[in-house]
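Visitor: I would like a close look at the salt bridges of this model, taken slowly and set against the rest of the chain. Please keep the account connected, so that each part can be followed on the structure itself.

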Amino acid sequence: MKKIIYYALVLAGMLSMNACSDDEFVAGNPVMDFKTEAADALFGDSLPFTIKASDVDVPLSTLKAQLFYGEEKVSETVIRTKVSGEDYSGKLYIPYYKNIPNGKATLKYVLQNINFTLTERETELTLARPDFPYLTLVAEEGEYRLEKTDLYQYAITGKFPQKVKGYIKTPKVGTNGNELTFGWENGAVEVGTTDLIPFSNSKAGKYTISFNSYSYEAAPFVKLQVNGTEMDMVDDNNYKVELTLEPGAEVSFEGIPEFEDWTVDGDFLKAGDDGKFTFLPVSGKYRITANFTFKYVFVEAMNGSNLATLQTDGTGAIWIIGEGIGKPSVGANEVGWNTGKALCMSPIAAKKYQITVVAGKGIKTDKINFKFFHQKDWGGEFGGKDITTDGAIIGIGTGAVADGGNGHDNGNLYLQDGQTLAAGHIYKIVVDVTGGNTKAKMTVTDEGEQPIEIKNMSMGGVKLNSTDGEIYTGVLNLTQNAEVTTGGMGNLEDWFIDPDYFQLNEDGELVFLPLDGSYRITANLARKYVSVVRMNGANEATLGDDGHGAIWLMGWGVGSPSLDQQFGWTPGAAYCLPEVAPKIYRFTCTAGPEKGSEFGHRIRFDYLDAKFFFQDGWGGEFSGDNALTLAAGTEAFLKQPGNLQLVENLEQDATYVLTVDLTAGNNKGIISFEKQ
């Protein structure tokens, strides 16, 4: 079907107003002479055309090529036509949409002169979906070829990790075809993006990844459900669902891989023999979160669409923030003064809140320093005058002695002089506000022993010790470039081992990289990563005047083994850079997001505010007379002077090496930052 339409705009009003003028309005006559045109095309094509455009009476303005799916204009190309009688060439993109079958479209060409006179031509265009011979999954680990298994259906079966992130690209098909990409956008696969699709299976191993180029359906994705309600993805490592629950209600989980190895918060959910759980707290709305980093399910009370806070009548929620406590373990996930990690106490009865921890695992046996808050953030809190206890082991601070207090921080919990918690014993802490929020009472009861399994783990022939069965430590004398044997750790490829301290050789053995010395090794069995600190006798090493020893990194935007554990400005949490050559220190980091980062993501791609210190905490630092200078090329990444800050965003998932060179002296240090 072809149709030619000619519009002559005769401006009668203008002619009458200019009756005394010798000028006469000329509409013009735009003419299109088609040199090339197509009768059919493929979705995703860039359709070429060449048209000779002319108007002998009036200068031309524009040539438009337009494509309509039904009544909807889906694509347009506009060309300025400055000279009459010339050929004009262009390309019109044929959009590639999902669930659109082969069919007809309307192709319209419009030529216009400066007096708005138009000539149009419409033609029917036959469109078909390209039949790709294969697709390519561009993943973080490399590229994988998805073979065609049926019309529009592609798949690959192989051995993959539990999570595979990547986007899909097509080969060019036909003379006018384009390479198309399919990525992740707003929780679904969409065309035209390379944002990574978060494929995930119930577990690592052999499974099939598939994609349908017609419907954009992709698989597999872990479908996590609680009581039949699908959990929403918070980030790559966290899924949540919000439910209204009654005490005694049955709660079941589906789709979580290897769920038998997970920890579920027992203050909220009691495990049954059938794999299901019984809900324990009072009636209300609760957020249930599955954290894949720690293989841990935790629960938080809610008020409508927000996390609950303590109300003036004593209902709502009480939160714990501070040091020496954490779930599923304090070693793997200590709360500290990070409000985002605050623990929600279980409202076991009206105005009564409970948390249960195992000493040596969920709570430290020898030192605690946390307190109770009204919300999962700073704000209302229980000061020493608001809460009392008559316990003999755990006390509550009432402030400075000079102000009439007991010498402990106001409202903070501490261990009484000479007291420790019995390792392996279960302690139940209850806060009762039935008498009012300023007359709270805390009770602590020892519920008996819960034996902790301690594995036989070693490195370099030295046994690593543990009190909680999760964190194993030992001090070793290590030699640069020497192999380090391991025991009880299984396949080392399943672990994240600090790449600046160790590397795996071809035999699968660890090779130590820094200078000879004494080092404290920490193996986190719960999360499978190894961290290292240089030692000086029984103490952590510091930077010596001769430039040897250790340099420590604190601040935000850096963390290890991932950005889930940023160092912040907390003494004791700083990172010890290894001395990889005399007076040269190194930190290798992959750029990643603040939340949902993976092992190896040790620097934020979009933010950095950090500094190097001489020790693990405040004291000597690289500032003032000791300020570091930037090596050539580093100014493209880091600002100077002051704290380390980024000039612009780093490339996500790219690896960078940060080096501090003190060979010219501690007060003439040079810092370099290079992309690998």
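Guide: What follows starts with the whole chain, dwells on the salt bridges, and then turns to strand pairing, a cavity and two single residues.

The model is a predicted one, and its protein chain has a secondary structure of two helices and 62 strands. With a radius of gyration of 34 Å, well over the 26 Å that the globule rule gives for 676 residues, the chain is more spread out than a compact globule. Along the principal axes, the C-alpha atoms of the chain fill a box of roughly 110 × 65 × 60 Å, and 49% of the 676 residues count as buried.

Now to the part you asked about. Side chains of opposite charge can pair when their charged atoms come close. The structure holds 28 salt bridges, and three of the pairs are described here one after another.

One of them joins Asp33 and Lys35, whose closest N and O atoms are 3.5 Å apart. Both partners can be placed by their accessibility: Asp33 is partly exposed, with a relative accessible area of 38%, and Lys35 is likewise partly exposed, with a value of 43%.

Another salt bridge is formed by Lys285 and Glu242, with the closest N and O atoms 3.8 Å apart. Because Lys285 lies in strand 28 (residues 284-291) and Glu242 in strand 22 (residues 238-245), this pair ties together parts that are 43 residues apart in sequence. Lys285 counts as partly exposed at 28% relative accessibility, and Glu242 is partly exposed with a relative accessible area of 29%.

In a further pair, the side chains of Arg534 and Glu579 meet in a salt bridge with an N to O distance of 2.5 Å. Arg534 belongs to strand 51 (residues 529-536) and Glu579 to strand 56 (residues 579-581), so the contact ties together parts that are 45 residues apart in sequence. Here Arg534 is buried, and Glu579 is buried as well. Elsewhere, salt bridges that share partners join Lys240, Glu242, Lys285 and Arg287 into one network, and the pair of Lys285 and Glu242 described above can be read within that setting.

From side chains we pass to the pairing of strands. Strands of a sheet pair through backbone hydrogen bonds, either parallel or antiparallel. An open sheet of three strands, with antiparallel pairing, has the order 45-49-48. Its edge strands are strand 45 (483-484) and strand 48 (502-504), each of which pairs on one side only. Strand 45 runs antiparallel to strand 49 (residues 510-512), and two bridges join them; within this pairing, Val484 stands opposite Leu510 in strand 49.

Further along the chain, strand 62 offers an example of both senses of pairing. Strand 60 (residues 629-630) pairs with strand 62 (residues 670-675) in the parallel sense over two bridges, where Leu630 stands opposite Ile671 of strand 62. Strand 61 (residues 655-661), by contrast, pairs with strand 62 in the antiparallel sense over six bridges, and the bridge partner of Leu658 in strand 62 is Phe673.

The interior can also be examined for empty space. Two cavities of 30 Å³ or more are present in the structure, and about 50 Å³ of space lies in the second largest of them. Among the residues that line the second largest cavity are Leu42, Phe43, Asp45, Pro130, Phe132, Asn178 and Leu180. By class, its lining has seven nonpolar, three polar and one charged residues.

Two single residues complete the account. Gly461 is found in the loop between strand 42 (457-459) and strand 43 (462-464), and Gly461 is exposed, with a relative accessible area of 67%. Measuring from C-alpha to C-alpha, Gly461 and Gly487 are 8.1 Å apart in space, although 26 residues apart in sequence. Thr106, for its part, is placed in strand 8 (residues 103-113) and counts as partly exposed at 23% relative accessibility. Thr106 and Ala423 are 317 residues apart in sequence and 77 Å apart in space, again from C-alpha to C-alpha.

How values were computed:
Residues numbered from 1 in each chain as written. Predicted model: local features only at pLDDT ≥ 70, side-chain atom pairs only at ≥ 80, totals over all residues. Heavy atoms only, no water. Pairing = 2+ DSSP bridges. Helix = DSSP H or I, 4+ residues; strand = E, 2+ residues; numbered from the N terminus. Salt bridge = Lys/Arg side-chain N within 4 Å of Asp/Glu carboxyl O. Buried < 20%, exposed > 50% of the residue type's maximum accessible area, 1.4 Å probe, protein only. 1 Å grid on protein atoms, 1.4 Å probe; cavity = no way out; pocket = protein on both sides within 12 Å on 5 of 7 lines; lining within 4 Å. Points joined across faces, edges and corners; volume = space filled by probe spheres on them. Nonpolar A, V, L, I, M, F, W, Y, C, P; charged D, E, K, R; others polar. Rg over C-alpha atoms; globule rule 2.2 N^0.38 Å.
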